[in-house]
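Please open the model in your viewer and keep the selection tool at hand, since each stop on this tour begins with something to select.

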Amino acid sequence: MDVRSCLILDNLREHFPVLCFGKETNMPLLRPAFYVRNGEVEKGRIYVTRPNSLPPRQMLDSSMLLVCAEGMPSLAYQHCGTQMFVIHDASVMEAFHAILSVFEKYEAWEKTLDNILMDSADIHELIQMTAPLLMNDITVIDRNLRVIAAASYQRNPEGQPEEVYHAAPMDTMPLEFVQKYRIELHESKDRRTPFFDVDGCYCFNLFLENQYWGNASLYPQLMPLRPSDPYIFDIFAGAVLKALRISAIHVSRQATMLEQFAGKLLEHGDVNYEKLSEYESAYPDIPSGRFLCLCASVQCPPGKMSPDYLCQTLRKQIPDLIVFRFEDHLAGVADFANTPATSGDFEERLRESLRKLELRAGISNRFHHLRNIRSYYQQALCALELGETAAPEDCAYFFRDYALRYLMVNSSGVFPAKYLCPTGLLALQRYDEASDVDYWKTLRCYLDAERSIAHAAKALNIHRNTMIQRIERIESILEMDLDDPMGRLWLRMAMWLVDEEDSRKVDIDD
């Protein structure tokens with residue numbers, strides 16, 4: 001990296017009192033050298049010397065940096081137009097080695113950044129290496145205000161800077177900052193050059209493929225920013241951009257592989273299971289399941305969006321999701337290994353996208369092995385079919401919400417509901433038809449309330465004693481032991497099947 005005079009000055013002032021003369025140069029500086037009397041000089045070089053052995057004024061250039069140790073130079077040199085640092089309290093050798101250490105420190109830092117980009121392109125690691133150089137709060141957030149990585153500092157009892165907060169990837173930004181950031185980022189997200197906000201925070205907007213991706217910020221929480229800090233932070237932000245591009249290329253390649261594997265597995269095509277195993281083992285497994293399957297209905301009347309456009313739009317709006325046409329539906333599969341988004345965040349974005357596109361989709365449970373995608377696609381398809389009937393106003397139907405309904409709908413087989421009911425339940429239904437009391441509803445509330453007399457009575461808006469009397473009457477008609485958990489399960493399933501069958505009859509009659 002280019003070492004500039006502001007870096008030299010800020011680092012020297014950590015060890016010595018330094019006087020600064022002349023106009024600051026932003027030109028890259030060459031490593032320090034001792035000036036030898038009557039010797040030649042080189043443009044852009046740092047020369048370390050004593051007041052009585054400075055280069056002749058006619059040989060000086062504005063690109064150089066003079067460092068004078070062990071005394072004060074004459075006024076003629078103080079106003080010669082070349083930048084000069086004067087260090088009274090250091091020998092020439094001390095000044096030389098201090099300057100040399102600055103070059104070594106920042107060259108090692110830049111080499112470490114390059115190694116991280118070549119190895120993992122992990123923004124979290126980039127911050128870990130950069131934060132000790134700046135000793136102030138660093139935060140990288142995406143366009144949705146999710147914290148990708150962050151570090152924060154404060155002074156310990158001895159007065160030394162100490163890291164107090166290290167945000168893991170995809171952490172949540174503190175609530176008190178969300179509103180402030182939302183307003184400021186909305187106002188400044190089109191700025192292509194670094195800028196200071198009203199609080200003195202140094203900001204660098206991140207653009208990926210000409211699209212605003214997020215923001216990297218350096219906040220002077222512990223100490224005022226030094227003149228060299230924005231320069232260092234610009235280099236860090238450039239490394240973050242490279243990491244984003246590397247990640248985007250990697251994710252794109254992974255997405256292509258995912259689509260190929262998923263498509264072949266759904267169609268029972270030939271799959272290279274060795275490469276599939278390599279793909280699955282590239283990331284550690286996620287306890288809750290790495291993959292998720294989606295099935296969306298496609299209705300494309302004239303004037304509506306085409307299936308291909310819907311696929312492209314969903315993939316653009318939800319980077320975790322790969323969507324492609326399969327049979328008469330859109331099939332999707334999400335791999336959460338690349339972007340460890342929480343389930344709630346993914347589901348929120350998915351619902352929003354489906355609603356905008358006027359789509360309905362069934363979503364499977366999360367699963368661990370891609371080779372099982374066919375079964376989980378069936379989960380998504382079943383959730384879609386059941387959800388469109390049960391909740392047509394919704395747009396996202398999760399199998400976890402419809403698994404029990406699926407079990408109930410498919411449990412009767414060829415039998416009508418009445419042939420799966422306990423004999424006593426049918427007797428209760430006949431008794432209910434001839435009575436002024438809705439015993440069927442009473443029993444359902446009682447079972448739903450886990451046999452709590454108080455809760456069931458409250459739900460039915462009747463007195464507790466009345467509830468007790470009804471349950472006694474129901475038990476005598478059922479001739480069943482309601483203390484038996486399997487008996488209660490049979491009753492509740494049978495009642496659901498009867499209710500479901502009756503509701504379908506009503507729909508047909510209507």
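Begin with helix H11, residues 399-411, where Leu 404 has its place; helices (H or I, at least four residues) and strands (E, at least two) are DSSP runs, numbered from the N terminus. Before going further, note that this is a predicted model, in which local features need pLDDT of at least 70 and side-chain atom pairs count only at pLDDT 80 or more, while totals for chains, interfaces and linings use all residues. Residues are numbered from 1 along each chain as its sequence is written, and side-chain values use heavy atoms, with hydrogens and water left out.

Leu 404 counts as exposed, at 59% relative accessibility; buried means under 20% relative accessible area, exposed over 50%, and partly exposed in between (1.4 Å probe, protein chains only). Add Tyr 406 and Leu 407 to the selection, and you have a nonpolar patch on the surface with about 310 Å² of accessible area together. Such patches are made of residues with over 30% relative accessible area and no salt bridge, with like charges joined within 9 Å and nonpolar side chains (Val, Leu, Ile, Met, Phe, Trp, Tyr) within 5 Å; the areas come from the Shrake-Rupley method with a 1.4 Å probe, and for residues only the protein chains shown count as cover.

Next, select helix H14, residues 453-460, whose buried residues are Ile 453, Ala 456, Ala 457 and Leu 460. These residues lie on the same side of H14 because they cover an arc of only 100° around the axis, the arc being that of the directions from the helix axis to the C-beta atoms. An α-helix has 3.6 residues a turn, so residues three or four places apart point the same way. Turn to the other side of H14, and you will find His 455, Lys 458 and Ala 459 exposed. The cover over the buried residues of H14 includes helix H13 (439-448) and helix H15 (464-478).

In the loop between H14 and H15, select Asn 461, which has a positive phi of about 60° although it is not a glycine. Asn 461 is exposed, with a relative accessible area of 71%.

Which two residues touch the most other members of the largest nonpolar core? Select Ile 8 and Val 140, which hold that place among its 61 residues; a nonpolar core is a set of buried Ala, Val, Leu, Ile, Met, Phe, Trp, Tyr and Cys residues joined through side-chain atoms within 4.5 Å. Helix H3 (residues 92-119) gives the largest share of this core, 13 residues. Leaving aside neighbours within four places in sequence, the contacts of Ile 8 include Leu 29, Phe 85 and Phe 103, where contact means heavy atoms within 4.5 Å.

For the last stop, select Glu 280 and Arg 371, whose side chains meet in a salt bridge (3.5 Å, N to O); the term means a side-chain nitrogen of Lys or Arg within 4 Å of a carboxyl oxygen of Asp or Glu. Glu 280 lies in helix H7 (residues 273-281) and Arg 371 in the loop between strand E16 (361-363) and helix H10 (373-390), so the pair ties together parts that are 91 residues apart in sequence. Glu 280 is buried, with a relative accessible area of 12%, whereas Arg 371 is partly exposed, at 36%.
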